[in-house]
Amino acid sequence: MQRRVTLTLLYFHAMEPDEDRFNLFLSWLSSDRDEAGRKYEDMRRRLIFMLECRGCNRAEEISDVALDRFMKRLPEIQDTYKGDPMAYLCVIARNVQLEYMRKTEQPLPDNIDKIPIDEDDPDELEELMHECLEKCLNEFDLPNRKLLLAYYEEEKQAKINFRKTLAKSMGIAGNALRLRVHRLRRTLELCMNNCLGVDEPVK
Amino acid sequence: MKPTEENQIRDYLLGNLPAEQAERLEERLLRDEEFAEQMSLVEDELTEDYARNVLSPREREQFQKRFLSIPRRRRKLMMVRELRKYARPSPKPSWFEWLDTILAPQWRAATAAVLLLVVGIGVWRVTVWPSDVQKGMVALNEAYQTQRPIEARVTGLQYAPYSVTRGPVAADSPSIRRSAALLQSAASGDSSVEALHALGRYYLLQKQFDEAIAEFEEALKKTPDNAQLHSDLGAALLEKGKLERSQDQSGGGKTTLASSQAHLDRALQLNDSLLAARFNRALLYEQTQSWSSALEDWQKYVSLDPNSQWSEQARKKIEEIQRRE
């Protein structure tokens with residue numbers, strides 16, 4: 001978290017050197033600096049997720065611009081603003097995204113799911129992905145590793161029946177199983193990102 | 001999560017929710033942590049459905065437009081595809097699923113025999129399916145599961161403590177004999193890269209370095225940019241260079257070690273995260289007494305693979321170098 005705040009400060013230095021604004025924002029979030037940092041981080045993470053859900057491929061940059069605009073407005077509104085500030089932030093983020101789309105949006109190519117993520121060789125990436133997956137799965141304890149692999153083992157109807165049986169055998173509801181696997185998948189994704197050298201928040 | 005709520009999230013993620021409802025949902029996403037997690041869960045499951053090819057054509061098109069423009073989501077899709085492949089190493093006969101779906105009680109008796117036949121064929125396929133190369137590699141891993149005869153790390157081989165012995169390894173264990181038979185037969189049969197590579201690994205573990213080098217070089221002619229092959233060739237040359245050096249104290253093994261370094265450098269150039277190559281290059285730097293480079297490679301190794309037994313060995317090496325300094 002500390003690193004992220006520092007990086008973000010650097011980002012703002014690059015954009016506009018106003019550390020005071022960022023400090024004011026943090027103190028507005030909470031009088032405890034660490035707590036404020038956590039809140040800021042969480043706010044940014046959800047904002048990125050929301051922008052991605054809106055199909056925005058520059059979610060991180062746009063959320064930073066939206067947060068910056070919010071911070072600029074903060075001295076004027078901090079004493080008088082009523083209600084949840086997230087609603088206001090949400091409106092700013094949508095506006096920034098619209099501005100961005102008007103300037104830059106291009107239609108997507110038809111073969112979008114075949115396009116490699118970066119400039120890397122896709123075969124090499126696939127090989128690396130496989131190695132990383134193996135490495136990351138090995139970091140799980142055996143029951144969780146088995147659960148994750150079992151969850152992905154079956155197909156279609158067999159999958160549905162199998163997952164029901166799996167939940168029953170674990171003595172939990174189907175939704176609880178989904179959530180448990182979701183959290184494991186998130187841990188896996190985080191590990192994979194580290195392994196692949198990707199510095200990106202996992203939602 | 002209520003089904004209606006889940007459907008609403010799904011519609012939102014695919015871009016089907018009216019603007020007003022979408023805005024309310026977005027505000028909730030920013031305010032409510034639990035809801036954010038639910039949305040992330042539905043996003044994951046949509047990705048999985050896409051990978052399984054169970055979305056309708058329209059949903060598929062929407063998914064491509066909304067999801068795949070985001071690098072993180074494309075990466076997630078790749079991860080899910082890889083995870084599915086990993087979870088199902090051998091393909092299952094598709095008629096299994098067909099039977100499961102259409103088998104009505106009134107047909108049960110009549111199809112029991114067919115089902116038995118299907119199960120029989122399925123078991124036969126699962127047990128017979130692995131190729132000679134795969135079976136040979138399993139046997140090789142079994143043979144060296146308690147100790148490894150060379151210090152270098154060979155790709156595709158699990159960890160075992162290094163045991164210092166001189167001369168060739170006695171091929172007296174059933175697993176070694178089995179792996180030799182399988183891998184030699186596979187390599188003489190189709191001469192595929194996989195077969196040549198596996199046979200090279202076998203020779204390397206037998207300390208038959210010239211034979212190992214010949215197999216790796218042959219395989220590299222077919223795939224010159226295979227990082228794992230470069231790593232194993234580098235390992236074979238490293239072990240050969242060490243042997244030459246021990247037999248000739250006046251500078252023997254220099255050329256072989258230089259050649260080893262070229263292949264290990266190439267392996268890491270092709271794949272900077274290839275653990276075996278990193279491990280072997282650190283050993284090579286020790287041989288050439290390039291202590292700072294060795295230390296750097298060991299430290300990098302530990303950062304890439306912090307929890308394995310290989311890493312414990314790397315940590316000991318770091319301590320030894322630091323003591324030396």
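How much accessible surface does chain A have, and what share of that surface belongs to carbon and sulfur atoms? The total comes to about 10800 Å², with 51% of that on carbon and sulfur. Keep in mind that this is a predicted model, so confidence gets its own group of bullets below. After chain A, the notes turn to some helices and loops of chain B.

**Chain A: overall make-up**
- Chain A has nine helices and zero strands, so you'll read α-α-α-α-α-α-α-α-α along its sequence.
- There are 203 residues in chain A, and 45% of them count as buried.
- Take the contacts in chain A between residues at least 6 apart in sequence: 59% of these join residues at least 24 apart.

**Chain A: how far to trust it**
- Mean pLDDT for chain A is 76, and 75% of its residues get to 70 or more.
- The low point among the chain A helices is α1 (residues 2-15), with a mean of 41.
- At the other end of the scale is helix α9 (residues 174-196) of chain A, where confidence is highest, at 88.
- Residues 1-14 of chain A stay under 50 in pLDDT, though the model still gives this stretch 26 contacts beyond four places in sequence.
- Where pLDDT is low, predicted coordinates shouldn't be read in detail.

**Chain B: α1 against α4**
- Helix α1 (residues 3-14) of chain B and helix α4 (residues 57-67) of chain B have axes that come within 8 Å and cross at roughly 65°.
- On the α1(B) side, the contact is made by B:Arg10, B:Tyr12, B:Leu13 and B:Leu14.
- From α4(B) come B:Glu59, B:Gln62, B:Phe63, B:Arg66 and B:Phe67.
- Sort the residues of this contact by type and you get five nonpolar, one polar and three charged.

**Chain B: helix α15**
- Helix α15 (residues 291-304) of chain B has 14 residues, so at 1.5 Å a residue it should span 20 Å; its end C-alpha atoms are 20 Å apart, which agrees.
- The buried residues in α15(B) are B:Ala294, B:Leu295, B:Asp297, B:Trp298, B:Tyr301, B:Val302 and B:Leu304.
- For a bit of helix geometry: an α-helix has 3.6 residues a turn, so residues three or four places apart point the same way.
- B:Asp297 sits in α15 of chain B and has 3% relative accessibility; the cut-off for buried is under 20%, so B:Asp297 counts as buried.
- Who does B:Asp297 touch, leaving aside neighbours within four places in sequence? The contacts are B:Arg278, B:Arg281, B:Ala282 and B:Tyr285.

**Chain B: positive phi in two loops**
- B:Lys207 has a phi near 65°, a positive value in a residue other than glycine.
- You'll find B:Lys207 in the loop between α10 (193-205) and α11 (209-222) of chain B.
- Is B:Lys207 buried or exposed? With 16% relative accessibility, B:Lys207 counts as buried.
- B:Gln289 also isn't glycine and has a positive phi, near 55°; this residue is in the loop between α14 (275-287) and α15 of chain B.
- B:Gln289 has 56% relative accessibility, over the 50% cut-off, so B:Gln289 counts as exposed.

**Chain B: from B:Lys207 to B:Leu243**
- B:Leu243 belongs to helix α12 (residues 227-247) of chain B.
- With a relative accessible area of 38%, B:Leu243 is partly exposed.
- B:Leu243 and B:Lys207 are 36 residues apart along the chain, and their C-alpha atoms are separated by 10.0 Å.

Methods
Residues are numbered from 1 along each chain as its sequence is written. Chains are lettered from A and ligands numbered from 1 in the order in which they are written. This is a predicted model: local features need pLDDT of at least 70, side-chain atom pairs count only at pLDDT 80 or more; totals for chains, interfaces and linings use all residues. Side-chain values use heavy atoms; hydrogens and water are left out. Axes are lines fitted to C-alpha atoms, for helices over the stretch in contact, and angles run from 0 to 180 degrees between N-to-C directions. Helices (H or I, at least four residues) and strands (E, at least two) are DSSP runs, numbered from the N terminus. Contact means heavy atoms within 4.5 Å. Ala, Val, Leu, Ile, Met, Phe, Trp, Tyr, Cys and Pro count as nonpolar, Asp, Glu, Lys and Arg as charged, and the others, Gly among them, as polar. The expected span of a helix is 1.5 Å times one less than its number of residues. Buried means under 20% relative accessible area, exposed over 50%, partly exposed in between (1.4 Å probe, protein chains only). Accessible areas come from the Shrake-Rupley method with a 1.4 Å probe; for residues, only the protein chains shown count as cover. pLDDT is the predictor's confidence in each residue, from 0 to 100.
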